Amino acid sequence: MSTPYPVRLAGEDMWLLPEKALYWPAQQALLIADVHFGKAAAYRSLGQPVPHGTTASNIAVLDGLLAALPCRQLIFLGDFLHGPGSHAAATLGALAEWRARHADLPMTLIRGNHDKRAGDPPASLNIRVVPEPLLLGPFALQHEPDPHPDRHVLAGHVHPVYRLRGRGRQSLRLACFRLGEGVSLLPAFGAFTGGYQVERDDSCRIFVIGDNEIWPVS
Amino acid sequence: MGTSPDYAKLWFTARGWKPFAFQKQVWTAVKRGESGLLHASTGAGKTYAVWFAALNRFASSVTAVETSRKRKPVAQPLTVLWITPMRALAADTARALETPLLDLQIPWSVGLRTGDTSSSERARQSRRLPTTLITTPESLTLMLARADAQTALATLRMVVVDEWHELLGNKRGVQLQLALARLRRWNPALIVWGVSATLGNQAHAEEVLIPQGGGISVQGQTSKALLVDTLLPPAIERFPWAGHIGLKMLPQVVAELESSPGSLVFTNTRAQSEIWYQALLEARPDWAGLIALHHSSLSRDTRDWVERALKEGQLKAVVCTSSLDLGVDFLPVERVLQIGSAKGVARLMQRAGRSGHAPGRTSRVTLVPTHSLELIEAAAAQDAVAQRRIEPRESPNKPLDVLVQHLVSMALGGGFVPDELYEEVRGAWAYRNLTLADWSWALAFVRHGGLSLTAYPDYRRVEPDEHGVWHVPDARLARRHRMSIGTIVSDASIQLKFWSKGGGGKQLGSVEEGFIARLKPGDGFLFAGRLLELVRVENMTAYVKRSTAKKAAVPRWNGGRMPLSNELAQAVVERFSAAAQGEFVGPEMRALRPLVAVQQRWSGLPTSTTLLAEALKSREGWHLFLYPFAGRQVHLGLASVLAWRVSQQQSVTFSIAVNDYGLELLSATPVDWPQVLSPGLLSPEHLLEDVLASLNAGELALRRFREIARIAGLVFAGYPGAPKSTRQVQASSGLFFEVFKQYDAGNLLLAQAGEEVLREELDIQRLERTLERINRLQLDLHQLKRPTPLGFPLLVERMRESMSSEKLADRIRRMVTDLEKTAETGKS
């Protein structure tokens, strides 16, 4: 695992992870947004050839994090499965095997828009599925970044990326965390996901991810 | 067929016309059953050369079918396919073909089948095809993708490919090559004729169309007198050094239009045409209704109206794009104005040919420069046109994406047996050297998604049945494929309609989705010559109303940027060389003289024996400007190789800009150019290795992959007006590219993306010749204090590539630190 980047958020110490995940040391909770498991399989079932390997790569990164961090619960902030075509034998088989390796770890999925179309993951995966918001400490854990009346929202859905610009007309487009006053966005975790460019303003902090490091953009 | 009368003679005699020699040549050849290619410029009877050849050979006389009791004689079955590159031309072609049929009472029917054809007309055609069907390459492939294609086309005798030069050099032409290979296998005696504008390589044009040999070449009327002149800016000192819109010349253009009854004003982009139309109306409000706008994103109705009004002589001027390049002869056009560079000799001649159609009239095109350096290009264009240095066009070689698409189409068209189809495909020129290995890969790709059986679980598009005939088993996939046939790749477009309660407002045309996405309701923009305000967007339709706002955005359509042709670029260097000798011939060069003096004083001039280079340190960083005059494609390749070679010596990130004259490398960290720019850096040795390496370090291959992914069916453009849920299966080709690179690096479509970058984006052969040429030149490097007239357009160019040998972390660190510095200075 690469070096975490500690930040204060809603009065809590939180770690931004270069693996595109968020860790909450006080609760020993690992938060993951937008994995989109089975996205490649969904494409293949519609006749669009996509090589396999993305599921295995997602699982390998998850395993690395779970091995390195003390973890009492794993929470998916929506879009766990990509679509109806994601219930492919190979994908679900790989997930079942992964789940068996972490049989004792409680896992929760906050249903996102893709989960609604894809259907809940099979019961055999033993993942508790709840609608948003899931209230935990000062946070409202959600898929969609809608503001909450009295909690700080942690959400996915947007797949935020930030365009960093520099001298010599250079620019880089990088996945990022966007921490706002009432709503904070996690980057998409999945290996086969695109991004949506977000802008910076005075009310938010942007942290881009590159070369296995977290970089604050002041 | 000997019974049919000589229709050509009958019709020409009745009108008191005398056939041209080339028309008689075509008639004789077709009578003998020969195929061939007719080279003829616009107009001048080329249509009738081919059409009467078909009628004379295949039309039976009326008496043969008069026995029919119906009042209207039954038309002969499908005999001729007439392929046109633009569906806009189809209706005009139909009118031209029908005229002699009526006069001579020939029982032939003429029908259209294009993307615009109504479903009721299609249904009628599926019962019985007309004797002559006018269609596009895409619609022909769609017909071949029907299960009963062979029966429906059984009576076909002749194919005419109109405007072949427009198809020869691109993938649409390859798609047509494949279709022709299939038609020839069904009927080996099929007669194929192409009609092409004059090209620099006519033998190649003929070989690609008629690869089995035996074709004959017929030369049409040699083009008439052509006059190229230039509108000069009043004062060169106040004329901009860069830019492409050219509104500084508005007063002169208005004056020219004023003095002439009917003019075409060609622009290079749709956005530019919108801006010019608006500017002309603002300058002359009394011309409302007398001038019009024509480009390919306007609705069909609007374009039809403009074309009709132009033909009837009701319009003073039409501002247009290449949408009016082809076909239809507009008699009332007196003048043609070209705003900005025409980029090529052939294109300039074609546009000039739009004017002065009446016999004995001279065709004239007037160039309107948009910035200073286009004056020298105008002078050079006159030289190149006078010497008829016309560009060649070459067929693509073995594009696998088109082949993959064709395999699925043929699986739909009654299924295929691989061995038979392999022979047939190799009958198309582009695939004459297709190896068994390529073929096996393509088969495996449509069956499993790749060569390895386990690589793509759950995937199947085409599968053999128990008799070894390959079909598409899934009806849903079949429907999707039919919607995706074609090789023209464009961004997702969104329809524009006027907002009215209850819907159903008038359709205006289409713009790219990305443009609308940047607008908020209430924002104004310019379209179809109107100021519009966005009301709302739903179901891939943007609803708009008229706006009274002062400020408005102009949509950008991502059309390809055409490079300056080699022919024209060399003519430019010759003019600079002459200027270096103190020769300023012609009004353009005399007007440009003060600017040339500035370039010479601050730096130097490019000549036929020297390679001009300039180094500059600015606030942005360290710049190198280099001027090989080889066209933007070659410059891009050259810049990539240079950037790669330098980045091997030091850790550096370059931002690259190119134009038709030269290239710029810009870095945020120091590069000592006088030291670094050695002859070895420009050596043609290890060129291919270095280009390939630079490709992997840059983003060019990704951009090429976008087109390939669409054609090969990797990315599905979606059903028009489909609800959002189906768009969950759309992904950007950039994402696909990354996934393929990481998980299936051996995929041949990736290899093709690389090859196409080499051939089309970078033009590797021309790049090699360029490096050999500039190696013989003497390097003339100047250290600048300020950007020169030649360097300035590159300095302000916003379309940029990048190339880096720095660690990502170092690049991020520098940018983040820079941001912090600006934030601190901002506070103080």
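**Exercise 1. Place helix α13 of chain B against its sheet.**

Solution. α13(B) lies across β10 and β11 (317–320) of chain B, at about 135 degrees to β10(B). Angles run from 0 to 180 degrees between N-to-C directions, with axes fitted to C-alpha atoms, for helices over the stretch in contact. Helices (H or I, at least four residues) and strands (E, at least two) are DSSP runs, numbered from the N terminus.

This is a predicted model: local features need pLDDT of at least 70, side-chain atom pairs count only at pLDDT 80 or more, and totals for chains, interfaces and linings use all residues. Residues are numbered from 1 along each chain as its sequence is written, and chains are lettered from A and ligands numbered from 1 in the order in which they are written.

Next, take the sheet. Six strands form an open, parallel sheet in the order β8-β13-β12-β9-β11-β10 (chain B). Strands pair if DSSP finds at least two bridges between them. β8 (226–230) and β10 (291–294) of chain B have a single partner strand each, so one side of each lacks a neighbour in the sheet. The twist averages 20 degrees from one strand to the next.

Now add a second helix. Helix α15 (residues 374–386) of chain B lies across β8 and β13 of chain B, at about 170 degrees to β8(B).

**Exercise 2. Find which strand β12 of chain B joins through four bridges.**

Solution. The partner of β12 (residues 335–339) is β13 (residues 363–368) of chain B, and the two run parallel. One residue pair shows the register: Val336(B) has Val365(B) as its bridge partner in β13(B).

**Exercise 3. Is Ala309(B) buried or partly exposed?**

Solution. Locate Ala309(B) first: it sits in helix α13 (residues 300–311) of chain B. Then count. Ala309(B) has 15 C-beta neighbours inside 10 Å, so it is partly exposed. The cut-offs are 20 or more other C-beta atoms within 10 Å for buried, 12 or fewer for exposed, and partly exposed in between, with C-beta atoms placed from the backbone.

Last, list contacts, meaning C-beta atoms, placed from the backbone, within 7 Å. Beyond its neighbours within four places in sequence, Ala309(B) touches Ala292(B), Gln314(B) and Leu315(B).

**Exercise 4. Say how enclosed helix α3 of chain B is.**

Solution. α3 (residues 46–58) has 13 residues. Twelve of them are buried, so the helix is largely enclosed by the rest of the structure. Among the buried ones are Val50(B), Trp51(B) and Phe52(B). Val50(B) also appears in the largest nonpolar core, of 187 residues, as one of those that touch the most other members. A nonpolar core is a set of buried Ala, Val, Leu, Ile, Met, Phe, Trp, Tyr and Cys residues joined through C-beta atoms within 7 Å. A second, separate core of 54 residues includes Leu16(A) and Leu174(A).

**Exercise 5. Describe the seven-stranded sheet of chain A.**

Solution. Its order is β1-β2-β3-β4-β5-β6-β7, open, with mixed pairing. β1 (5–9) and β7 (128–130) of chain A stand at the edges with a single partner strand each, so one side of each has no neighbour in the sheet. Neighbouring strands are turned by 25 degrees on average, direction ignored.

Finally, check one pair. Five bridges join β1(A) to β2 (residues 12–17) of chain A, and the strands run antiparallel. Tyr5(A) has Leu16(A) in β2(A) as its bridge partner.

Note on methods. Two residues are in contact if their C-beta atoms, placed from the backbone, lie within 7 Å. The expected span of a helix is 1.5 Å times one less than its number of residues.
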